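Let's chat through some charged side chains. Have the sequence and the 3D view ready.

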Amino acid sequence: MDFASFIGIISGIALIIGAIFLGSDDLTIFINVPGIMIVIGGTIAATLLTFQFKDTIAALRAMFIVFAQDKQDPQAMIATMLQLTKIARREGLVALSRVEADSPFLKRALGMASDASDEEYIRNTLQADIDSLKMRHYVIQDVFKKMGTYAPAFGMLGTLIGLIQMLSQLDDPETIGPSMAVALLTTFYGSLLATVIFNPIAGKLKARTILEIQTLEIIRDGTISLLGSNNYLAVYERLSSYVPAHQRKPAGFGE
């Protein structure tokens, strides 16, 4: 589990509930079923209107990825590519086709390298895969960004509905206060969903995408390096540029 995501959402909700308790002992005043229906129902409806159904479902599934431990490790991939450099130098490029790889992207790259494919062909093919992944992930991120925009908008819409209902009953002054509170609840719901759930999830998914793309680019450049030169130090220098200088491991760490 990604504890940063877990702690973030739990602490955010806990602080909001704690602040509510400090001002009132009655949490029921913050519950309004029609307001919840307007915000959640309206947000889902607008999202389905904006995106294809399959993209919306994929985005909802991606919510669970936010709480899963990220398995992407650029340093580990650099070490893997350096090990492959040793294999290619010792046994030749053909030996790369026999290497077991968990990553389909790496397996495909090694297959093209073992077939002695043209460097430009390998670069363009792998880059096309990376660009495709970027686009798929961008759509999923955009789903949550749009939901983070729609939720406060529907919250304001619910507030306007509540104000209209309140103004239609001005002949009874005692109902103005409670009616105003109910009207403002939808704005609260919309802002809560946007700031605590939708926008943070979009941000976390973007960070995960950046890390995954970085790993794929290491595979791409490492594979191309294998074609041009099997020099261990040259491959290390090329791939280590993906890691900040203060985090780089010594040149021999992949040996």
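**Salt bridges, one by one**

Glu-119 is partly exposed, with a relative accessible area of 36% (buried is under 20%, exposed over 50% and partly exposed in between, using a 1.4 Å probe and protein chains only). Just so you know, this is a predicted model, where local features need pLDDT of at least 70, side-chain atom pairs count only at pLDDT 80 or more, and totals for chains, interfaces and linings use all residues. Residues are numbered from 1 along each chain as its sequence is written, and side-chain values use heavy atoms, with hydrogens and water left out.

Q: How many salt bridges does a search of the whole structure find?
A: Side chains of opposite charge can pair when their charged atoms come close. Here a salt bridge means a side-chain nitrogen of Lys or Arg within 4 Å of a carboxyl oxygen of Asp or Glu. Searching the whole structure on that basis, the count is seven.

Q: Which residue forms a salt bridge with Glu-119?
A: Look about one helical turn away, four residues apart in helix α6 (residues 119-167); helices are DSSP runs of H or I, at least four residues, numbered from the N terminus. The partner is partly exposed, at 26% relative accessible area. With N to O at 3.4 Å, the partner is Arg-123.

Q: Which residues are linked with Glu-91 in a network of salt bridges?
A: Glu-91 is partly exposed, at 45%. One bridge spans 3.8 Å, N to O, and goes to Arg-90, while another has its closest N and O atoms 3.5 Å apart and goes to Arg-98. So the network links Glu-91 with Arg-90 and Arg-98.

Conventions. Helices (H or I, at least four residues) and strands (E, at least two) are DSSP runs, numbered from the N terminus.
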